[in-house]
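Dear colleague,

I am passing on the structure we spoke about, so that you have it open while you read. My notes on what was found follow directly below it.

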Amino acid sequence: MIAKAVQVFYSCNTAQIRNGIMDEHKTPRADGQQDQGNPPVVQRELEQQSVDRSPPQPDLLSGENTGLGLGLGLERIGSVAITRPWLWLLVMLIISLIASFGLTRLNVDDSLTELFRSDSLEFKKYEVLTKRFPASEYDVLIVVEHPDLLTPDRIERLREITLELDFVAANQGIISIFSAREPPSDKPIPAPLIPAEIPQGEKFETLKQRILTDEIVGGKMISKDGTLALIVMALNREAVIKEGLKKIVASIRTAVDEQVSGTQMKATLSGPPVIQLEIRNAVLADRIIYNSLGFILGTIVCLLFFRSIALTLITIAAPAMAILWSLGALGLVGIELNLFLNVITPLIMVIAYSDATHMMFVIRRHLRLGYNRVEAVKQAIYEVGPACVLTSFTTAVALSSLIFASSALIRTFGIVAAFSTIISFLAVIILVPVLSVLLLRNEAQYTKPRKQSVSFGRLLSSGASWVGDSVRKHAGTYALIGYLLTIIFGAAYLSLEPRYRLADQVPDREEAIAASGALDDKLTGANPVHIMIELGEGKRLYSRETLGLIAEAQKIMEKSPDMGNIWSLEVLRRWLIDKGEIDAETLKKYVDVLPKTLTRRFISEDEKTVLITGRMPDLNAANLLPVVDKIDKQLRLLRIAHADYELSVTGLPAIAARNSAQMIGELGFGLMSTIAIVVALIAVVFRSFYAALASIIPNLFPIFTAGFVLYLSGYGLQFSSAVALTVAFGLAVNDTIHFLHRLHLERQNGHKDSVTRTVKLMGPVLMLTTIVLVLGLAVTAFSGLPSLRMFGWLSAITLIAAFFGDIVLLPAYYNLEKRITGRGDD
């Protein structure tokens, strides 16, 4: 039976409450009886929180016409669920089992290429490159270092390493200093530069100098100072798929370690396969370790606040269920996790935990006021449900704007994030009411007198009361501070330049980055940039025109700063010229006798495409882009002179340089568009232009604050920071809508000083959600992925700024409006 209650209006002044200046009312009690007046525990509750009882909600199930309201009636899903709680719990468990099956099928896409996939001509050329020269994506780079590497014993050891690598099952070819050959001779196959038996004495010194200055391997496979040697091992794609990358890389590591053990030689692995494996391991570890740690910290803080295991479990069950359903759905439809979609988990946690905490806070408050559990849940649905609908709807619509991005990855992120937002809403609006009805059976324990001691909850309530009073007294000051800081921080945010480096995307505490760093120092880098020349119909590879075109294109690449370690057919031709061999026939003959694993790196199998490959250090995209653009611009004259050939500058670094700035810009624009859409929706759903106007600064402030921190730190705007701002904005707008909805209810109920009352009501729960989420996201600062570390600490900063915007700036603008216009409820 729904107890009948009479709406009353109390004073928010604690002194008046203590003096007993209150209207009489009837309180529905957990035992179903009716009492006149306030029980002592309710009196103390009102004194501690300085809040009144809200009027009873309309009966959502009795057929009473309540209208759709701000939540479009969707919050009634929760009211329907509590009529058959066991049935709905069974349905959710079945869905969870299906989602668990999907979770077992969830894979990680560790390819950096997918980050830049688009429909652009540049990416299509890159796909042509990877199809015709597949070895580049399956190269394992073995970097061997020693202060004096070129001694007879160590050269023999290097040879042993290459021989052991030959026995790795996935090996498709090895290139090293032992791949170098002598000039053509009468013998069918030129002799190797390094003979089977290493000479001694002066002959060895002569050999050593020849190795260091050789046109083919000097400065390419061996550093000029003789302290670093590079072994490139191409993996067979089918073998990688069959055996698994983890097993193959482990076998390579074992083979190398066995040979360098006890020699004081240092060997590290890098290259796309190793980097992909490290990314995959880091993503999986972070998903397990840091998500679990975040939930543990959140559980501890909830226990401190609620001081109830049941209330805590219900609060954290909703985000846990939302994460399970969302990730399970990804697994069922075959969408793989990647560096972008890995942040879906914290996004869901932010939205679902915030909504669940708001709902549970209202349920607990009404249980303490004497409501039974069903009535308390109905009241929570009435007070919080519409705000949950609005937050989910506005966030989903805003994130859906990313489907217009040029990047397929960003489009997928927008769709998945919007879908996950809807799932989060359903998990909260169904699971929290159902579990509350089933688990909170002993309502009487919540109305028992409590010891008047300092508790976490009372500290938050006291803090919220202080903030509410301070904002009411100094609204103009806070409003001015908000405007000034937003302008200053906004200028810093808008001045941020996009930044992308490979090292920022991969684990920096593993060996791949260390090996790549050594290659940057000794061999000009490990990041390949290619000039791809596609021969037109009727054009031959060894014709004078083609060879001349290759030579001219290579000269352009050689003039580029930071470019080195250039491989091409022209390098081989120059070497033969130095040895006195200059005709095309000799060049073709020499190419034919070289290992295919070497020549297929710059000549396609059908001899219709050739590459000129240079390597560069891991530069920021802003520094790399001018180099790529300059090469491309200088190739224009060659394109005009040789219209039957197609010349393009490609490779993952080139694609990253061109696309990263555009993609980061799209994320930034998408974020600003999201804010604009949310502000517009706030104006529509609350039927208030001022509500939209007042919410602009509180929602811009956290974004600009994070931008100001990035500006001071010199990090620039990276993928991880752009996504972190999107996630943090999800909480900022979530709290904004909950605040505006509570203010709407307070004004609708005619309460005096509704803004301050709203701050005191909403303050504790906003503080709690901010603390829990900051702790949960901050633990990612210990991740092995630099991008995730930045995501963690930047999200924490943004969430704190979002709390300040919603609990200080937003009420300040409402208080200021009342003073200026003379309207309001004071």
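Which residues does Ser568 touch, not counting residues up to four places away in sequence? In this model, which is a predicted one, Ser568 touches Gln554, Phe602, Leu611 and Ile612 under that condition. The place of this serine is in the loop between strand S8 (564-567) and helix H19 (569-578). With a relative accessible area of 3%, Ser568 is buried, because anything under 20% is classed that way. Two polar details of Ser568 may be worth looking up as you read: its side chain makes a polar contact with the side chain of Gln554 at 2.2 Å, and the side chain of Ser568 also reaches the backbone nitrogen of Glu570, here at 3.1 Å. Gln554 therefore appears both among the residues that Ser568 touches and, under the definition of a polar contact as a pair of N or O atoms within 3.5 Å, as a polar partner of the Ser568 side chain.

Next, the strands. Strand S7 (residues 527-534) has seven of its eight residues buried, so the rest of the structure largely encloses it. S7 pairs in the antiparallel sense with strand S9 (residues 609-616), over eight bridges, and in that pairing Val529 has Gly614 of S9 as its bridge partner. S7 also pairs with strand S10 (residues 646-650), again in the antiparallel sense, over five bridges; here the bridge partner of Ile531 is Val649 in S10. If you return to Ser568 at this point, you will find that Leu611 and Ile612, which are among the residues it touches, fall within the range of S9, residues 609-616.

Strand S4 (residues 171-175) can be described in a similar way, since four of its five residues are buried and it is therefore largely enclosed by the rest of the structure. S4 and strand S5 (residues 228-235) pair in the antiparallel sense over four bridges, and Asn171 stands opposite Leu235 in S5.

Finally, a word on the cysteines. A disulfide is a covalent bond between the sulfur atoms of two cysteines. How many disulfides are counted in this model? The count comes to zero, where the rule asks for a pair of cysteine sulfur atoms within 2.5 Å. Two of the cysteines can be placed by their accessibility: Cys302 counts as buried at 0% relative accessibility, and Cys388 is buried with a relative accessible area of 1%.

With best wishes

Methods:
Residues are numbered from 1 along each chain as its sequence is written. This is a predicted model: local features need pLDDT of at least 70, side-chain atom pairs count only at pLDDT 80 or more; totals for chains, interfaces and linings use all residues. Side-chain values use heavy atoms; hydrogens and water are left out. Buried means under 20% relative accessible area, exposed over 50%, partly exposed in between (1.4 Å probe, protein chains only). Helices (H or I, at least four residues) and strands (E, at least two) are DSSP runs, numbered from the N terminus. Two strands pair if DSSP finds at least two bridges between them. A polar contact is a pair of N or O atoms within 3.5 Å; within protein, one must be able to donate a hydrogen and the other to accept it, and residues adjacent in sequence count only if both atoms are side-chain atoms. Contact means heavy atoms within 4.5 Å.
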